[in-house]
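Let's take a walk through this fold together. Have the viewer open and follow along.

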Amino acid sequence: WSSSDPTLERHFRGHRDTVTSVDFSCTMKQIATGSSDSCVMIWNMKPQTRAYRFDGHKDAVTSVHFSPSGHLVASASRDKSVRLWVPSLKAESTVFKAHTATVRSVSFSGDGQSLVTASDDKTVKVWTVHRQKFLFSLNQHINWVRCARFSPDDRLIVSTSDDKTIKLWDKNSRECIHSFYEYAGYSNHVDFHPSGTCIAAASTDNSVKVWDIRSHKMLQHYQVHSGIVNSLSFHPAGNFLITASSDSTVKVLDLLEGKLLYTLHGHQGPVTCVAFSKNGEYFASGGNDEQLLVWKTNFDAAEFGDGTGQQHRSRSGTRAPTAHITMSGASEVSRPDTVPRSHSRNGNLSRLGRSQTHGKPSIASSTSNAHPPYTAPLPSHPQESASEGGLTSTLEHIIGQLDILTQTVSILEQRLTLTEDKLKECLENQMELSARLQSRDEA
């Protein structure tokens with residue numbers, strides 16, 4: 001075991017069915033999950049702190065997403081609606097019917113002002129967060145739309161559908177800029193790299209593909225899972241990608257080296273969702289076993305520290321975070337225009353420590369001719385000064401308060417509309433009663 005290996009930190013149980021979606025708040029204090037049990041749950045990372053269960057949806061929850069400020073959680077459901085929740089004990093929410101069929105995904109824009117939804121009604125829709133006003137619809141898919149996401153700069157939208165296409169849209173012109181085609185299966189999940197220069201897709205053909213959105217070329221093609229890939233998430237620094245699969249594993253891919261880094265065994269049965277925290281320090285996975293597992297990343301801190309590259313390792317996440325590690329072999333990564341497959345060396349790693357290997361592992365040497373897939377420089381995260389941190393914190397607090405205020409106003413508006421409707425109904429009943437009495441008097 002190495003200090004740079006991921007470790008299982010927490011596991012949460014509370015859902016009564018498959019965990020379908022997971023997301024971290026920006027503060028890392030809360031994690032939101034959606035489930036086929038129709039509930040949204042908010043878990044607190046602080047030990048011995050109770051979770052919140054939000055009931056409101058009439059059918060399975062398919063997707064959850066925190067607003068950038070962390071003061072709202074959006075959830076999508078098979079009941080055709082989207083709900084916006086304030087993630088606190090009161091569980092206040094506002095609901096709107098977003099589509100005419102199951103809503104598969106919901107996601108906030110980077111500025112927190114808009115929402116994008118994807119549905120089995122074959123459309124992608126964009127809404128305002130304030131008052132949930134419908135803005136426009138993107139209609140070129142010819143089958144169910146599984147997932148839709150905004151680009152980091154909010155100028156583009158990417159969507160993936162059972163029609164075997166991944167479409168890139170210009171948010172302002174509302175035009176489809178490009179369609180990427182899947183030939184063997186379709187993609188369950190798609191997302192933008194933090195740099196905004198490429199996208200990754202998790203496919204039903206058991207593979208993960210990375211495309212450049214400017215040249216439209218496939219940069220990487222990972223064939224490392226033995227089951228459908230259900231979800232993926234980029235590390236905020238852009239160097240790693242985690243994937244969740246029906247083969248019951250979570251895998252960590254090193255994007256710069258173009259290889260498989262870790263295989264994590266923690267779930268019993270398919271792993272349905274995965275997400276990095278906003279700072280990349282943690283990642284979480286949910287599955288058919290109704291569990292939420294939270295892992296400490298570790299590998300991003302010691303990136304290529306010994307200069308020899310890292311071998312692929314397989315890790316079992318049992319209930320105790322001190323699970324043993326075993327070396328695993330024959331990982332397959334195929335890259336267009338380079339060596340189609342590379343194999344890591346078989347070896348054994350005892351509970352006490354890593355076995356010694358001499359020289360570079362074969363997987364590192366066989367991909368040494370591969371260039372990093374991103375032509376744009378990877379985003380850097382310089383340390384903010386104390387004053388900047390304070391200002392950011394204050395602004396985030398103000399934005400958060402505005403979010404809550406918007407939400408409260410929206411809920412009040414709904415209640416007012418409900419009251420007005422009831423009042424109208426009462427007046428109509430009264431008029432009908434008066435008319436009847438009058439006609440009876442005349443008779």
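What follows goes from a nonpolar core to its aromatic rings.

This is a predicted model, where local features need pLDDT of at least 70, side-chain atom pairs count only at pLDDT 80 or more, and totals for chains, interfaces and linings use all residues. Residues are numbered from 1 along each chain as its sequence is written, and side-chain values use heavy atoms, with hydrogens and water left out.

Start with the largest nonpolar core (buried Ala, Val, Leu, Ile, Met, Phe, Trp, Tyr and Cys residues joined through side-chain atoms within 4.5 Å). It has 16 residues, of which Val-252, Leu-264, Phe-283 and Phe-299 touch the most other members. Strands (DSSP runs of E, at least two residues, numbered from the N terminus) giving two or more residues to this core include S23 (240-245) and S28 (291-296).

Now for the rings. Aromatic pairs (ring centres of Phe, Tyr or Trp, using the six-membered ring of Trp, within 6.5 Å; planes under 30 degrees apart are stacked, over 60 edge-to-face, the rest tilted) number 11 in the whole structure. Phe-240 and Phe-299 meet edge-to-face, at 4.9 Å centre to centre and 70° between the planes. That pair links distant parts of the chain, 59 residues apart, and both Phe-240 and Phe-299 are buried (under 20% relative accessible area, with a 1.4 Å probe and protein chains only).

Phe-283 and Trp-295 are stacked, because their ring centres are 6.1 Å apart and their planes at 10°. Phe-283 and Trp-295 are buried too. One aromatic cluster takes in Phe-240, Tyr-262, Phe-276, Phe-283, Trp-295 and Phe-299.

Conventions. Buried < 20%, exposed > 50% of the residue type's maximum accessible area, 1.4 Å probe, protein only. Helix = DSSP H or I, 4+ residues; strand = E, 2+ residues; numbered from the N terminus.
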